[in-house]
Amino acid sequence: MWNILAYYVYGLKFVYEYYFKNLPSWSWYYPYYFAPLLTDIQYYLGHMISQGNSLGPFQVDQPFQPFKQLLCILPK
């Protein structure tokens, strides 16, 4: 459960940086099908703040080549 919450909060950070700063990573993705409940996110963020943890930086990498990018979005 903590993994889903951590990835989701990291995804919120990704969206914020994408729209207000710059593209933080070319390869980051959310690996789950569903989002956690809002109450779980609230509990997770409260736990992170009480522990003094912060979210780490994204890995800066290169964009995919056009053919590989096309393979990522096409159905099987």
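This passage walks through the helices of the model, how two of them pack, and a few individual residues.

The structure is a predicted model, and the protein averages a pLDDT of 83, with 95% of the residues scoring at least 70. Confidence shifts a little from element to element: helix α1, residues 2-20, comes out with the highest mean pLDDT, at 88, while helix α3, residues 66-73, has the lowest, at 81.

Next comes the packing of α1 and α2. Helix α2 covers residues 38-51, and its axis sits 10 Å from that of α1, with an angle of about 85° between the two. That angle falls within the 65 to 115 degree range, so α1 and α2 count as roughly perpendicular to each other. On the α1 side, the contact is made by Trp2, Leu5, Ala6, Tyr8 and Val9; α2 brings in Asp40, Ile41, Tyr43, Tyr44, Leu45 and His47. Sorted by type, the residues of this contact come to nine nonpolar, one polar and one charged.

Trp2 is worth a separate look. This residue lies in helix α1 and has a relative accessible area of 40%; since buried means under 20% and exposed over 50%, Trp2 is therefore partly exposed. Setting aside its neighbours within four places in sequence, Trp2 is in contact with Tyr43, Tyr44 and His47. As for Asp40, it sits 38 residues from Trp2 along the chain, and the C-alpha atoms of the pair are separated by 9.3 Å.

Then there is the core. The largest nonpolar core is made up of five residues, namely Leu5, Val9, Ile41, Tyr44 and Met48. Both helices chip in, with α1 and α2 each supplying at least two residues, though the largest share, three residues, comes from α2. Of these core members, Leu5, Val9, Ile41 and Tyr44 also take part in the contact of α1 with α2. Met48, another member of the core, is in contact with Asn53, Ser54 and Leu55, once its neighbours within four places in sequence are left aside.

Finally, there is Phe67, which has its place in helix α3, the element with the lowest mean pLDDT. Its relative accessibility is 60%, and because the cut-off for exposed is over 50%, Phe67 counts as exposed. Phe67 and Glu17 are 50 residues apart in sequence, and their C-alpha atoms are 26 Å apart in space.

Technical notes
Residues numbered from 1 in each chain as written. Predicted model: local features only at pLDDT ≥ 70, side-chain atom pairs only at ≥ 80, totals over all residues. Heavy atoms only, no water. pLDDT = per-residue confidence, 0-100. Helix = DSSP H or I, 4+ residues; strand = E, 2+ residues; numbered from the N terminus. Axes fitted to C-alpha atoms, helices over the stretch in contact; angles between N-to-C directions. Parallel < 35°, antiparallel > 145°, perpendicular 65-115°, else oblique. Contact = heavy atoms within 4.5 Å. Nonpolar A, V, L, I, M, F, W, Y, C, P; charged D, E, K, R; others polar. Core = buried A, V, L, I, M, F, W, Y, C linked by side-chain atoms within 4.5 Å. Buried < 20%, exposed > 50% of the residue type's maximum accessible area, 1.4 Å probe, protein only.
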